[in-house]
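Visitor: I should like to go through this model with some questions about its ligands. Please show the structure before we begin.

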Amino acid sequence: MVRPGHLPLLALALAACSDDPSLPADELLSAQGLFLGDGHTQEPAPGVVPFDVISPLFSDHTAKHRFLAMPDGAQIGYAPRDSWSFPVGTRLVKTFGYPLDARAPSLGERLLETRILRLDADGWSVHTYAWNDTQTDAVLTVAGKRVPVEWIDENGALQSIDYRLPNTNQCLACHGERGATAPLGPRTRQLDRDHDYGDGPVNQLDHLAALGLFTSAPDAAGEREHLVDPAAPAAGSVELRARSYLEANCAHCHRAGAPAESSGLILGWEEQEPVNLGVCRRPFSAGNGAGGRTYDLVPGEPDASIIVYRMESTAPDIKMPEMPTQLADARGVALIREWIAGMTPPGCE
Ligand code: HEC
Ligand code: HEC
């Protein structure tokens with residue numbers, strides 16, 4: 001069952017004032033025992049395992065920190081392709097922040113929110129903690145929130161955004177409705193990469209196995225199916241990188257049982273049918289979103305493809321992904337353009 005973290009109204013009102021010492025402790029992130037100190041440096045507490053994904057979801061240039069916290073002695077049911085099965089009590093954690101200066105990571109980050117997916121006896125529940133201005137703690141919030149932020153990007157330019165913390169109903173658009181709320185990142189194809197836990201890079205799956213966290217051993221390294229890093233040209237062909245990008249940025253809605261299922265545009269890693277991927281496919285839900293173009297994807301012609309038009313748009317009723325981000329991902333668009341430009345034979349019909 002889907003159960004957004006619920007709060008009595010009074011608690012909601014209090015939560016707006018994030019430094020209030022009278023807040024019940026269980027509404028504070030610090031009470032969750034996930035981090036060392038006040039959590040601002042995102043150093044995990046003992047037993048909390050950090051992880052990265054191969055192909056991240058673009059979220060308006062935020063930096064992200066991901067963690068897995070398992071109950072003592074509990075194990076994950078490993079699966080080579082499908083989602084892993086987690087034991088009750090599992091918490092998956094993701095913190096969003098902006099680097100103060102992307103050229104100097106040691107200056108730290110302005111943390112915005114820490115999201116938690118927790119597996120309860122009746123299914124996954126969603127929780128969002130909003131970091132306070134003084135960055136000493138984060139407070140449970142249900143209603144979402146806007147936070148004006150400034151940061152210096154990798155070119156030294158000052159950037160600003162009215163960052164939007166989603167409300168807890170919005171989580172369900174991507175993490176699944178119909179009683180099927182579930183994690184999206186932790187599966188073999190996304191986690192089969194290296195991470196530095198302090199002693200140099202090691203494969204994350206091998207690390208989790210060594211910690212005894214899997215019920216059965218993962219396949220040998222060479223036999224695992226995995227995505228490739230869309231941002232690293234050396235990681236794989238343009239097609240593999242583009243498909244990895246679509247898997248992480250679009251497929252959670254563009255798949256069976258998700259909000260964009262009715263569009264018929266299916267963008268998951270395993271999809272093989274060109275027409276389902278948009279090739280020479282007339283949009284189901286054309287309207288405004290088509291930008292005068294006829295097909296979702298025209299091989300060889302990115303400028304005639306609705307996919308590109310919608311990824312480049314920042315108009316709320318046109319832009320893809322739909323929400324809650326506001327910016328277009330210039331690098332992602334460039335990759336999808338390159339993929340479409342290289343498709344043969346060109347054209348439709
Ligand atoms: C626009 C779609 C989208 C929305 C909305 C969204 N998520 Fe996610 N979330 C993802 C994707 C995709 C991943 C995996 C990729 C990544 O981490 O970059 C993810 C990862 C996570 C993770 C890390 C574990 C995992 O499943 O990979 C947590 C925890 C999480 N989300 C919680 C939340 C919560 C709580 C909300 C609502 C406040 C929320 N998310 C809203 C798409 C979304
Ligand atoms: C949060 C959910 C969500 C995410 C994430 C998302 N979409 Fe969509 N998309 C939808 C919904 C819902 C529709 C149908 C309504 C509409 O056309 O606006 C749609 C429709 C579309 C259409 C029109 C398809 C047709 O044939 O009618 C295209 C093209 C599209 N999306 C591309 C993308 C791409 C590319 C991505 C990733 C970069 C993406 N979307 C991510 C929800 C999403």
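Visitor: Between which domains does ligand 1 lie?

Guide: The model is a predicted one. Residues of the shell around ligand 1 come from both domains, so the ligand lies between domain 1 (3-223) and domain 2 (233-341).

Visitor: Which element gives the most residues to the shell around ligand 1?

Guide: At least two shell residues come from each of strand S3 (63-69), strand S4 (91-99), strand S5 (109-120), strand S6 (123-131) and helix H2 (168-175). The greatest contribution, 4 residues, is that of H2.

Visitor: How far is an oxygen atom of ligand 1 from a backbone N or O atom of Gly185?

Guide: His175 offers a side-chain N or O atom 2.9 Å from a nitrogen atom of ligand 1. For Leu184, a polar backbone atom is 2.7 Å from an oxygen atom of the ligand. For Gly185, the distance from a backbone N or O atom to a ligand oxygen is 2.6 Å.

Visitor: What is the geometry at the iron atom of ligand 2?

Guide: On the protein side, the donors are His254 (NE2) and Met320 (SD), 2.0 to 2.2 Å from the iron. The angles among the 6 donor atoms run from 85 to 180 degrees, and the site is octahedral.

Visitor: How many residues apart in sequence are the parts that His254 and Met320 tie together?

Guide: His254 is in the loop between helix H5 (238-249) and helix H6 (306-312), whereas Met320 is in the loop between H6 and helix H7 (330-341). The pair therefore ties together parts whose separation in sequence is 66 residues.

Visitor: Is Met320 buried or partly exposed?

Guide: His254, at 9% relative accessibility, counts as buried. The value for Met320 is 24%, and buried requires under 20%. Met320 therefore counts as partly exposed.

Terms used. Residues numbered from 1 in each chain as written. Chains lettered and ligands numbered in written order. Predicted model: local features only at pLDDT ≥ 70, side-chain atom pairs only at ≥ 80, totals over all residues. Heavy atoms only, no water. Donors = N, O, S within 2.8 Å, 3.2 Å for Na, K, Ca; no water. Tetrahedral: all angles 85-135°; square planar, octahedral: opposite > 155°, others 65-115°. Buried < 20%, exposed > 50% of the residue type's maximum accessible area, 1.4 Å probe, protein only. Polar contact = N/O pair within 3.5 Å; in protein donor to acceptor, adjacent residues only side chain to side chain. Domains from an automatic or database assignment.
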